[in-house]
Amino acid sequence: MALDPADFTKCCKESGVLMVVKCRKENSALKECLTSYYNDPAFYEECKMEYLKEREEFRKTGIPAKKRIQKLPTSM
């Protein structure tokens, strides 16, 4: 990635309402990076397999992935 996403976030926080104008360079670099991921067949397959695994678990249990993750009690 040509630009760290944290740089875009920092620019937006510093610019406030004017971020649309001031952070164009960072936004373009971030878009370019994300587009390269979207067009990568290996990344697509990885996302597809993760989705299929979660869907299979949901069909078995009926519980969405977000609800399956249980937090441990903080004190006993």
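## Exercises on a five-helix chain

Lys-60 counts as exposed, at 59% relative accessibility, where exposed means over 50% relative accessible area, buried means under 20%, and partly exposed lies in between (1.4 Å probe, protein chains only). The model is predicted, so local features need pLDDT of at least 70 and side-chain atom pairs count only at pLDDT 80 or more, while totals for chains, interfaces and linings use all residues. Residues are numbered from 1 along each chain as its sequence is written, and side-chain values use heavy atoms, with hydrogens and water left out.

**Exercise 1.** Describe the secondary structure and the accessible surface of the chain.

*Solution.* Begin with the elements: helices (H or I, at least four residues) and strands (E, at least two) are DSSP runs, numbered from the N terminus. The chain has five helices and zero strands, and the order from the N terminus is α-α-α-α-α. Turn next to the surface, for which accessible areas come from the Shrake-Rupley method with a 1.4 Å probe, and for residues only the protein chains shown count as cover. The accessible surface comes to about 7,100 Å², 58% of it belonging to carbon and sulfur atoms, and of the 76 residues 12% count as buried.

**Exercise 2.** Locate the disulfide and determine its handedness.

*Solution.* A disulfide is a pair of cysteine sulfur atoms within 2.5 Å, and a search of the whole structure finds one. Cys-11 and Cys-23 form this bond, with an S to S distance of 1.9 Å. The pair links distant parts of the chain, 12 residues apart, since Cys-11 lies in helix H1 and Cys-23 in the loop between helix H2 (19–22) and helix H3 (24–38). The torsion about the S-S bond is about -100°, and therefore the disulfide is left-handed. Both Cys-11 and Cys-23 are buried.

**Exercise 3.** Explain why the sulfur of Cys-12 is not bonded to the closest cysteine sulfur.

*Solution.* The closest cysteine sulfur to that of Cys-12 belongs to Cys-23, but it is 4.4 Å away, which is too far for a bond. Cys-12 itself is buried, because its relative accessibility is 16%.

**Exercise 4.** Work out the surroundings of Ser-15.

*Solution.* Ser-15 lies in helix H1 (residues 5–15) and is buried, because its relative accessible area is 15%. A polar atom of the Ser-15 side chain lies 2.8 Å from the backbone oxygen of Cys-11. If residues up to four places away in sequence are not counted, Ser-15 touches Lys-22 and Cys-23, where contact means heavy atoms within 4.5 Å.

**Exercise 5.** Characterise helix H4 and the salt bridges placed in it.

*Solution.* Helix H4 (residues 41–61) has 21 residues and reaches 30 Å from its first C-alpha to its last, close to the 30 Å expected at 1.5 Å a residue; the expected span is 1.5 Å times one less than the number of residues. Just after H4, Gly-62 takes a positive phi of about 75°.

A salt bridge is a side-chain nitrogen of Lys or Arg within 4 Å of a carboxyl oxygen of Asp or Glu, and the structure holds two. One joins the side chains of Lys-48 and Glu-45 (3.7 Å, N to O), which lie three residues apart in H4, about one turn of the helix. Glu-56 and Lys-60 meet in another (3.7 Å, N to O), four residues apart in H4, again about one turn. An α-helix has 3.6 residues a turn, so residues three or four places apart point the same way. Finally, Lys-48 is partly exposed at 34% relative accessibility, as are Glu-45 at 36% and Glu-56 at 44%.

How values were computed
Polar contact = N/O pair within 3.5 Å; in protein donor to acceptor, adjacent residues only side chain to side chain.
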